[in-house]
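Trainee: I am new to this structure and would like a close look at a single part of it. Please take one helix and go through it slowly, saying how its residues relate to the rest of the chain.

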Amino acid sequence: MHRKLFAAGTQIVLGSLIAVAPRTFAHVCTVKTMPMACHYTAQATLGLGLAVVALAVAGLFVTDAVRAGLDIANAVLGVLVVLVPTVLIGVCKGAMMHCHMVTLPTLVVLGVLLGVFAVIAAYCDIKPVRGA
C-alpha cells in the first residue's frame, strides 16, 4: 500500500505543480497582441501536468506491473517537461524576462524531480516484496 501512495502521491503533487506553476507563482509573460513562446510553453506544461496527474491517479487502482508501466510513462513525461521550455518550445529570449528567470528553472527542476521519483517508483513496483 505504501508503494502506491509513494508513487501516486509524489506524482500527483509534482504533476499539479507542473500544471499550475506557469500560470501562478512562476507565471509567464502576459499576452498583449501576439503570444510569445512562453505562452505556448505554459499551455503545453498544463497538458503535461494534467496527463501526469491522470496517470498517477490511474496508478492507484491497478496492479504493480501496470503501475510500473505508468511510472515509466510519467518519467518520460518528466523528460518532456524539461524539454518543452529548453528545446521544443522555449521561453522569451530576454535574460531579464520573468519567464526566463523563474519559469524555465522551475519547470526544469519539477521535470527532473518527476523523472527521478517516477523511476524510483517504477523500480519499487518491479522489485518483489521481501517476506511475501
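Mentor: Let us take helix α3, where N74 lies, and keep in mind from the start that this is a predicted model. Some background on the whole chain will help before we go into detail. The protein has four helices and zero strands, so that its secondary structure, read along the sequence, follows the pattern α-α-α-α. Its C-alpha trace spans about 60 × 20 × 20 Å along the principal axes, and of the 132 residues 39% count as buried. Among contacts between residues at least 6 apart in sequence, 75% join residues at least 24 apart.

We can begin with the charged residues of the helix. D64 and R67 form a salt bridge through their side chains, with a distance of 2.2 Å from N to O, and because these two residues are three apart in helix α3, about one helical turn separates them. The two partners differ in their surroundings, since D64 is partly exposed with a relative accessible area of 34%, whereas R67 is buried with a relative accessible area of 2%. R67 also forms a salt bridge with D125, where the closest N and O atoms are 3.3 Å apart. This second pair links distant parts of the chain, for R67 belongs to helix α3 and D125 to helix α4, with their positions 58 residues apart in the numbering. Both R67 and D125 are buried, and through the shared partner the salt bridges join D64, R67 and D125 into one network. The structure holds two salt bridges. As a general point, side chains of opposite charge can pair when their charged atoms come close.

Next comes N74, a polar residue of helix α3 that counts as buried because its relative accessibility is 0%, and buried means under 20%. The side chain of N74 makes a polar contact with the side chain of Q11 at 2.5 Å. Leaving out residues up to four places away in sequence, N74 touches Q11, A51, V52, L55, A56, L114 and A118.

Two of those neighbours, V52 and L114, appear again in the largest nonpolar core, which has eleven residues: L14, I18, A21, A26, L48, V52, L77, V81, V84, L110 and L114. Helices α1 (2-20), α2 (37-59), α3 and α4 (98-126) each supply at least two residues of this core, and the largest share, three residues, comes from α3. A second, separate core has eight residues, including V28, C38, C99 and L104. In soluble globular proteins, nonpolar side chains tend to be buried together.

Helix α3 also takes part in the surface. A nonpolar surface patch of about 880 Å² is made by Y40, I72, V76, V79, L80, L83, V87, L88, I89 and I126, and helix α3, which covers residues 64-88, gives the most to this patch, with seven residues. One of the patch residues is L83, whose place is in helix α3 and which is partly exposed, with a relative accessible area of 31%. For the protein as a whole, the accessible surface comes to about 7100 Å², of which 77% belongs to carbon and sulfur atoms.

Taken together, helix α3 supplies three residues to the largest core, seven to the nonpolar surface patch, and both D64 and R67 to a salt bridge.

Technical notes: Residues are numbered from 1 along each chain as its sequence is written. This is a predicted model: local features need pLDDT of at least 70, side-chain atom pairs count only at pLDDT 80 or more; totals for chains, interfaces and linings use all residues. Side-chain values use heavy atoms; hydrogens and water are left out. Patches are made of residues with over 30% relative accessible area and no salt bridge: like charges are joined within 9 Å, nonpolar side chains (Val, Leu, Ile, Met, Phe, Trp, Tyr) within 5 Å. Accessible areas come from the Shrake-Rupley method with a 1.4 Å probe; for residues, only the protein chains shown count as cover. A salt bridge is a side-chain nitrogen of Lys or Arg within 4 Å of a carboxyl oxygen of Asp or Glu. Buried means under 20% relative accessible area, exposed over 50%, partly exposed in between (1.4 Å probe, protein chains only). A polar contact is a pair of N or O atoms within 3.5 Å; within protein, one must be able to donate a hydrogen and the other to accept it, and residues adjacent in sequence count only if both atoms are side-chain atoms. Contact means heavy atoms within 4.5 Å. A nonpolar core is a set of buried Ala, Val, Leu, Ile, Met, Phe, Trp, Tyr and Cys residues joined through side-chain atoms within 4.5 Å.
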